[in-house]
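Here is a short report on one protein chain. Keep the sequence and the 3D view side by side as you read.

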Amino acid sequence: MPSADEILQRMRDLQERREAAAKPLVNILAERSRLLEQLAELDKPYGKAYVAAEAAGWTAEDLAQLGAEEPARRPRVRSRRARSSARKADSQPTPTAPGSSSPAVAIPSQDGAAAATATADSAASA
């Protein structure tokens, strides 16, 4: 039967072989991670360039024949229609509650006016 020291030595040897086998993988993983980060940094300018090419008259099929893949995330471009709708919405008056001419949103009172109104209301109902 092996002694405790022999068992521990076998364990250390086994662990060293396992670590030595994993080192190339760890190095490749680190390099891969660095390259993926660089690639991700190119996504935004690639998307803009792709959209610019389409705006210049290139079709998606033309670009595919050139080897350009459609970008995963296209840049957000607001259409003229959406921009004009947003401007119209900003210039419209605040909606009012049905049956009233005041805005639907309550406006807080200032300088104790609420206390004076509450006192007048309670005196009128008493």
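Start with Ala49, which sits in helix α1. Keep in mind that this is a predicted model. Is Ala49 buried, partly exposed or exposed? Its relative accessibility is 47%, so Ala49 counts as partly exposed. Now find Pro71. Ala49 and Pro71 are 22 residues apart in sequence. In space, their C-alpha atoms are 9.7 Å apart.

**The whole chain**

Step back from Ala49 for a moment. The chain has 4 helices and 0 strands. Along the sequence, the pattern reads α-α-α-α. There are 126 residues in the chain, and 4% of them count as buried. The chain exposes about 11400 Å². Carbon and sulfur atoms supply 57% of that area. Next come the contacts between residues at least 6 apart in sequence. Of these, 20% join residues at least 24 apart.

**Helix α1**

Helix α1 covers residues 4–55. How far should its 52 residues span? At 1.5 Å a residue, the expected span is 76 Å. The end C-alpha atoms of α1 are 74 Å apart, which agrees with that value.

Follow the helix to Asp43. A kink of about 35 degrees lies there. The proline Pro45 comes shortly after this kink.

Which residues of α1 are buried? Gly47, Tyr50 and Ala53 are. The cover over the buried residues of α1 includes helix α2, residues 60–65. Just after α1 comes Gly57, with a positive phi of about 115 degrees.

**Two side-chain pairs**

Now look at the side chains. How many aromatic pairs does the structure hold? It holds 1. The rings belong to Tyr46 and Tyr50, with centres 6.3 Å apart and planes at 40 degrees. Why is the pair called tilted? Planes under 30 degrees apart would count as stacked, and planes over 60 as edge-to-face. The angle here is 40 degrees, so the pair is tilted. Both tyrosines lie in α1, 4 residues apart, or about one turn of the helix.

A search of the whole structure also finds 1 salt bridge. Glu31 forms this salt bridge with Arg34. Their closest N and O atoms are 2.5 Å apart. Glu31 and Arg34 both lie in α1 too, 3 residues apart, which is again about one turn of the helix.

How open are the residues of these two pairs? The table lists each one.

| Residue | Relative accessibility | Class |
|---|---|---|
| Tyr46 | 35% | partly exposed |
| Tyr50 | 5% | buried |
| Glu31 | 35% | partly exposed |
| Arg34 | 38% | partly exposed |

Read the aromatic pair first. Tyr50 is under the 20% limit, so Tyr50 counts as buried. Its partner Tyr46, at 35%, counts as partly exposed. Then read the salt bridge. Glu31 is partly exposed at 35%, and Arg34 is partly exposed at 38%.

**Putting it together**

Trace α1 once more in the 3D view. Pass the salt bridge of Glu31 and Arg34. Go on to the kink at Asp43. Then find the rings of Tyr46 and Tyr50. End at Gly57, just after the helix.

Conventions
Residues are numbered from 1 along each chain as its sequence is written. This is a predicted model: local features need pLDDT of at least 70, side-chain atom pairs count only at pLDDT 80 or more; totals for chains, interfaces and linings use all residues. Side-chain values use heavy atoms; hydrogens and water are left out. Rings of Phe, Tyr and Trp (its six-membered ring) pair if their centres lie within 6.5 Å; planes under 30 degrees apart count as stacked, over 60 as edge-to-face and the rest as tilted. Helices (H or I, at least four residues) and strands (E, at least two) are DSSP runs, numbered from the N terminus. Buried means under 20% relative accessible area, exposed over 50%, partly exposed in between (1.4 Å probe, protein chains only). A salt bridge is a side-chain nitrogen of Lys or Arg within 4 Å of a carboxyl oxygen of Asp or Glu. The expected span of a helix is 1.5 Å times one less than its number of residues. The bend at a residue is the angle between axes fitted to the seven residues ending there and the seven starting there. Contact means heavy atoms within 4.5 Å. Accessible areas come from the Shrake-Rupley method with a 1.4 Å probe; for residues, only the protein chains shown count as cover.
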